[in-house]
Amino acid sequence: MQRTLPALLGLSLLLASCGQPGVPTQPGQPGQPSAGAPDRTTDTTMAAPVTITPGQTYGGVIAGQPRDFDYYIFDAAAGDRLQIDVKAPADSTLDPVVRVYLNDGWVLLEKDDDGAYNPSDNSLDAQVLFNADKTGRYAIEVTSFKLVNDPAATDDNAKNLYTVTLNRR
């Protein structure tokens with residue numbers, strides 16, 4: 001609990017201080033939609049998240065530090081029906097976990113393997129479906145399953161690749 005409250009306060013301050021959503025430039029540039037290719041030049045952090053809008057896909061990698069968490073922010077209107085997909089490509093070593101945070105820093109949803117794409121598939125991909133109950137800014141956190149429940153665990157494999165997509169449904 002002692003470690004959780006400062007993290008939540010930090011996320012809350014981040015979300016409160018974020019400016020208006022950015023406008024992507026060319027795909028593949030650091031911090032821009034990458035059409036699925038991992039962006040190894042810029043790491044998205046709690047202090048420097050990437051803005052994602054419905055219809056965009058970003059590629060990322062959970063590597064570069066022992067405990068890597070990537071962050072994406074988005075705005076939603078009350079009643080928006082949204083879907084977040086986090087997929088690891090076939091050559092990835094990542095078992096992704098996705099969390100969605102409210103703008104006050106509290107976790108709204110968390111998903112790990114859910115077979116959402118094909119129930120007979122043993123996929124490690126994660127999918128979150130939710131309806132925004134109020135207008136505001138939300139944050140997506142992507143990390144490795146190894147890091148979620150063990151504060152001493154590390155996972156720094158350069159093949160921890162993923163894509164994150166935000167869509168309306």
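Let's start with one pair: Ile73 stands opposite Ala139 in β8. This is a predicted model, in which local features need pLDDT of at least 70 and side-chain atom pairs count only at pLDDT 80 or more, while totals for chains, interfaces and linings use all residues. Residues are numbered from 1 along each chain as its sequence is written, and side-chain values use heavy atoms, with hydrogens and water left out.

**The chain as a whole**

- You'll find two helices and nine strands here; both kinds are DSSP runs numbered from the N terminus, with helices being H or I over at least four residues and strands being E over at least two.
- Walking from the N terminus, you meet the elements in the order α-β-β-β-β-β-β-β-β-α-β.
- Of the 169 residues in the chain, 44% are buried (buried is under 20% relative accessible area, exposed is over 50%, partly exposed is in between, using a 1.4 Å probe and protein chains only).
- Take the contacts (heavy atoms within 4.5 Å) between residues at least 6 apart in sequence: 72% of them join residues at least 24 apart.
- About 8600 Å² of the chain is exposed, and carbon and sulfur atoms supply 53% of that (areas come from the Shrake-Rupley method with a 1.4 Å probe, and for residues only the protein chains shown count as cover).

**The five-stranded sheet**

- This open sheet has mixed pairing and the order β1-β3-β8-β5-β6 (two strands pair if DSSP finds at least two bridges between them).
- Its edge strands are β1 (50-51) and β6 (107-111), each pairing on one side only.
- Inside it, β3 and β8 run antiparallel and are joined by seven bridges.

**The four-stranded sheet**

- The other open sheet to look at has four strands, in the order β2-β9-β4-β7, with antiparallel pairing.
- At its edges sit β2 (56-61) and β7 (126-131), and each of them pairs on one side only.
- On average, neighbouring strands of this sheet are turned by 15° against each other, direction ignored (axes are lines fitted to C-alpha atoms, for helices over the stretch in contact, and angles run from 0 to 180 degrees between N-to-C directions).
- β2 pairs with β9 in the antiparallel sense over six bridges, and Gly59 stands opposite Thr163 in β9.
- Five of the six residues of β2 are buried, so the strand is mostly covered.
- Strand β4 (residues 81-87) is joined to β7 by six bridges, and the two run antiparallel.

**A closer look at Asn131**

- Asn131 belongs to strand β7, where it is the bridge partner of Arg81.
- Asn131 and Arg81 are 50 residues apart along the chain, yet their C-alpha atoms are separated by 4.4 Å.
- Asn131 counts as partly exposed because its relative accessibility is 46%.
- Leaving aside neighbours within four places in sequence, Asn131 is in contact with Asp80, Arg81 and Arg169.
- With Arg169, Asn131 makes a side chain to side chain polar contact of 3.0 Å (a pair of N or O atoms within 3.5 Å; within protein, one must be able to donate a hydrogen and the other to accept it, and residues adjacent in sequence count only if both atoms are side-chain atoms).

**The nonpolar core**

- In the largest nonpolar core, which has 24 residues, Tyr72, Phe74, Ile84, Ile140 and Val164 touch the most other members (a core is a set of buried Ala, Val, Leu, Ile, Met, Phe, Trp, Tyr and Cys residues joined through side-chain atoms within 4.5 Å).
- The elements giving two or more residues to this core are β3 (70-76), β4, β5 (96-101), β7, β8 (136-144) and β9 (161-168).
- Not counting residues up to four places away in sequence, Val164 touches several residues, including Tyr72, Ile84 and Ile140.
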